[in-house]
Amino acid sequence: MDLPTLWFWIVAALFVGYFVLDGFDFGVGMSLPFLGKDDTDRRVLINTIGPVWDLNETWVIVAGAAIFAAFPEWYATLFSGFYLALLLILLALIIRGVSFEYRHQRPELAWKRRFDLMITVGSAVPAFLWGVAFANIVQGVPLDADHNFTGTFFSLLNPYALLGGLTTLLLFFTHGVYFVALKTDGEIRARARRLGVRASILTIMVAAGFLAWTVLAFGTLLGTAFAAVAAVALIGSAIANGRGREGTAFALMAVTIAAAVLALFSSLFPAVMPASNDVANSLTIANASSSTYTLTIMSWTALIFLPLVLAYQAWTYWTFRKRITRAHIDAAAH
Amino acid sequence: MEDLLDPLALSRWQFGLTTIYHFLFVPITIGMASVVAVYQTMWVRTGKIVYLQLVHFLGKIFLINFAMGVVTGIVQEFQFGMNWSNYSRFVGDVFGAPLALEGLLAFFLEATFIGLWIFGWDKLPPKLHLVTIWAVAVGTILSAYFIIAANAFMQNPVGYTINEAKGRAELVDIGAVLTNPVALAAFPHTILAAFMVTAGVMIAVAAWHLKRNQNIETMRPTLKFGLWLMVGAFAGTALSGDQLSLVMVDTQPMKMAAAEAMYNTSTGADASFSIFTLGTPDGVHELFSIRIPYLLSFLSTHTFDGTVEGINDLQAQYVQLYGPGDYTPVIWVTYWAFRWMIGLGAAHALVAVVGLWLTRKGRTPTAKWVWTIAIWASPMSLLAMSVGWVFTEMGRQPWIVFSLMKTSDAVSPNVSGLEVLISIIAFTIVYGILAVVEFRLILKTAQKGPEPIELEGDDPEDPAAKPIVRATVY
């Protein structure tokens with residue numbers, strides 16, 4: 001495998017990490033109005049992701065930096081082209097991030113409700129827009145000869161991309177609800193499982209449509225294989241949730257999201273930003289990548305440090321493996 | 001209307017605004033992480049409850065800040081691609097590497113261990129829990145190093161070659177990029193300045209409580225720590241700043257000339273340092289000036305008879321080298337930013353020296369106005385740091401990468417002025433609201449003071465009794 005190909009898959013892996021991890025905390029954020037009957041419930045929900053949302057979000061920063069360093073042309077085209085969509089994602093991530101830290105700073109219920117709403121909106125907007133963005137990348141966008149995006153914000157909102165956005169929104173929502181069922185106990189756990197059943201049915205219908213469209217319109221052999229894995233895992237996770245196998249449901253949902261992301265990247269390869277107007281203007285791993293020297297340096301760094309990062313992040317999840325209940329919240333509040 | 005929607009001007013404003021705003025939170029994050037880690041180390045070693053109270057108290061102020069630093073930092077990374085795509089295409093091969101290294105080596109570390117620190121109090125053994133806050137502290141400092149190395153490439157490009165076929169700069173020596181003389185001087189300068197900002201917060205908070213004669217057992221040590229930290233960090237900031245000026249004269253003589261608004265090349269006594277000058281912006285007429293002879297020569301070359309090049313000569317040289325154009329930054333901005341940076345930083349350190357004298361040998365001033373000054377002095381280091389960055393970045397103009405690419409060539413060609421305007425308005429509103437919320441929260445937390453910590457068991461004097469330490473509950 002040559003270095004640009006390796007880095008294409010490293011970028012894919014970073015996005016797998018990002019969507020699998022931040023995906024479930026987006027889902028928990030979106031589930032607040034559905035699963036949190038009162039303030040204590042909502043604190044239980046937020047505490048399930050409290051120790052990890054920040055490290056989950058870091059994956060997108062590293063993914064962005066990896067694209068910048070490994071595929072500067074792709075980074076430039078993508079980020080300037082999707083300007084307003086990324087602006088919305090940034091604003092959502094900002095208000096969501098500070099809300100986690102600020103909601104518990106004052107005792108008034110109105111104060112907390114305001115930040116709960118910001119967490120929900122701040123989770124839903126990126127969950128939807130990341131799907132829109134990735135569907136557009138796979139589908140291709142109009143590019144000029146200098147690889148600059150020539151469309152508008154509204155040309156990004158086409159049917160395939162909107163379906164992609166809805167798919168990620170629902171996948172992350174269900175992923176989050178499964179996570180709540182896995183991490184809590186008592187009343188909330190039961191509510192999460194019931195909501196998981198309904199959410200999974202809707203998710204299966206929408207995701208099936210999107211995956212089928214992707215395979216039929218842009219499918220490669222590898223992409224189709226990943227889409228099939230995603231479909232099987234998605235149905236498996238719904239069955240596991242129905243049977244009360246919470247760990248299995250969550251793990252299979254993680255597999256679903258990982259396989260779906262890999263299906264999109266496989267459909268894309270070897271392009272990174274196909275031009276919908278003229279294939280000659282497309283960005284590929286060959287014409288978008290950095291020099292061999294830069295990629296070599298980065299490969300060594302990633303080879304040494306990614307396993308270390310994975311190890312200490314896994315340890316974090318292990319440290320906070322216990323279920324959280326209302327009793328914890330009451331005890332800690334004295 | 002056309003001027004209002006100029007993508008270049010708007011993108012520059014956006015970068016300036018979001019960067020200065022981001023950098024209001026970064027110094028406190030960098031400095032406070034280490035201060036909290038030091039207090040927690042003292043707690044683990046001595047078991048004195050005062051230290052644990054301070055860890056919780058300063059830790060809370062730290063966390064309110066940390067969240068803002070993180071979320072505004074994502075904007076910084078994204079806007080290189082969003083607003084400056086031509087820049088990203090041109091330097092991504094070189095500039096992207098330190099950013100990716102920051103993410104892998106520093107950012108993951110900070111973000112993971114901050115969660116372990118906040119929620120790990122009752123889940124990890126004390127010594128292991130202590131490691132988590134040190135990991136955060138190391139992460140913040142590493143993070144700053146990589147970002148400064150990236151920035152240093154813009155000030156003084158090294159370790160690259162130009163690939164004509166691809167029309168871009170390519171990395172040939174990562175070691176050179178990471179040991180860029182500008183980075184090696186700017187890194188300690190920035191970190192130590194961040195410690196000054198942190199010390200300012202500690203002094204102000206302690207002074208507020210001591211003025212009211214409350215929480216003396218926790219606030220007096222905080223005050224002393226803050227005062228010593230301020231004085232020590234200032235000494236380091238000044239020394240590294242001196243190193244940085246030497247490097248700057250070497251690599252960006254125009255920036256030094258602009259810092260002095262010195263139009264003509266001068267030697268020895270003529271190369272005087274102006275403390276204060278009133279004149280016309282073009283430097284033709286000088287109305288009033290206070291100058292110290294030889295000082296500029298000494299600062300720039302470390303000799304009294306050194307020659308310092310003036311703006312006019314440099315401009316002529318640059319026209320020869322790079323073709324026709326205006327190669328001078330906005331002189332009044334660089335001139336005043338340079339002075340305010342040094343002046344505010346030194347003034348804050350002076351306040352701390354006086355504070356050390358007034359509180360020597362266990363004394364505590366009783367006059368309220370002494371404390372009032374200490375409280376109101378607290379923004380000075382932060383302002384010094386902000387104008388320091390304004391100086392660094394404005395002094396680089398018109399270059400985005402000195403001698404290689406102009407800022408005007410770096411902007412995204414396909415992003416409209418309207419889009420940038422929308423994003424400036426959105427950031428201004430959101431950042432503005434958050435600034436007010438954050439400031440009030442910090443003020444409220446600081447004024448509430450350290451909270452008492454209960455001890456398990458009957459005898460509070462019993463050193464074996466373990467205090468109840470709870471995880472933060474959201």
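In this predicted model, the side chains of A:Glu57 and A:Arg96 come together in a salt bridge, with 3.4 Å from N to O. The two partners sit well apart along the chain: A:Glu57 belongs to helix α3 of chain A and A:Arg96 to helix α5 of chain A, 39 residues away, so the pair links distant parts of the chain. Pairings like this are no surprise, because side chains of opposite charge can pair when their charged atoms come close. Over all chains, the count of salt bridges comes to 22.

How confident is the predictor here? The model as a whole scores ipTM 0.87 and pTM 0.89. Chain A has a mean pLDDT of 90, and 99% of its residues reach 70 or more. Within chain A, helix α7 (residues 159–183) has the highest mean pLDDT of the elements, at 95, while α13(A) has the lowest, at 75. For chain B the average pLDDT is 86, with 91% of the residues scoring at least 70. A weak spot in chain B is residues 470–474, where pLDDT stays under 50; even there, the model has 25 contacts beyond four places in sequence.

Turning to the annotation of chain A, the unreviewed UniProt entry lists "transmembrane region" for residues 6–32, 74–95, 115–139, 159–183, 195–215, 221–242, 249–273 and 293–315. Two of these spans can be set beside the model. Residues 74–95 of chain A are 95% helix and 0% strand, and the C-alpha atoms at the ends of the span lie 28 Å apart. Residues 159–183 of chain A are 100% helix and 0% strand, with 36 Å between the end C-alpha atoms. That second span is also where helix α7 of chain A runs, the element with the highest mean pLDDT in the chain.

Next comes the meeting of the two chains. The size of an interface is often given as the accessible area lost when the parts come together. Chain A and chain B bury about 6700 Å² between them, and 73% of that is on carbon and sulfur atoms. Three residues, A:Phe68, A:Tyr83 and A:Tyr102, supply 11% of the area chain A buries against chain B, more than any other three residues. The contact draws 72 residues from chain A and 75 residues from chain B.

Polar pairing is part of the picture too. Between the chains there are 19 residue pairs in polar contact, counting pairs with both residues at pLDDT 80 or more. On the side of chain A that touches chain B, the elements giving two or more residues include α3 (53–70), α5 (83–102), α6 (109–139) and α12 (292–319) of chain A. By class, that side has 42 nonpolar, 22 polar and eight charged residues. One salt bridge is counted between chain A and chain B; in it, the side chains of A:Glu73 and B:Arg89 meet at 2.7 Å, N to O.

A few backbone details round things off. The peptide bond from A:Phe269 to A:Pro270 is cis, with omega near 0°, and A:Pro270 lies in the loop between α10 (246–268) and β1 (271–273) of chain A. In chain B, a cis peptide bond joins B:Gln397 and B:Pro398, with omega about 5°. B:Pro398 is found in the loop between α13 (379–394) and β7 (399–401) of chain B. Finally, A:His147 shows a positive phi of about 70° although it is not a glycine; A:His147 lies in the loop between α6 and α7 of chain A.

Key: Residues are numbered from 1 along each chain as its sequence is written. Chains are lettered from A and ligands numbered from 1 in the order in which they are written. Side-chain values use heavy atoms; hydrogens and water are left out. UniProt positions are given in the numbering used here, feature names are shortened, and annotations may be inferred rather than shown by experiment. Helices (H or I, at least four residues) and strands (E, at least two) are DSSP runs, numbered from the N terminus. Contact means heavy atoms within 4.5 Å. Buried area is the accessible area (1.4 Å probe) that two parts lose on being put together, summed over both. A salt bridge is a side-chain nitrogen of Lys or Arg within 4 Å of a carboxyl oxygen of Asp or Glu. A polar contact is a pair of N or O atoms within 3.5 Å; within protein, one must be able to donate a hydrogen and the other to accept it, and residues adjacent in sequence count only if both atoms are side-chain atoms. Ala, Val, Leu, Ile, Met, Phe, Trp, Tyr, Cys and Pro count as nonpolar, Asp, Glu, Lys and Arg as charged, and the others, Gly among them, as polar. pLDDT is the predictor's confidence in each residue, from 0 to 100.
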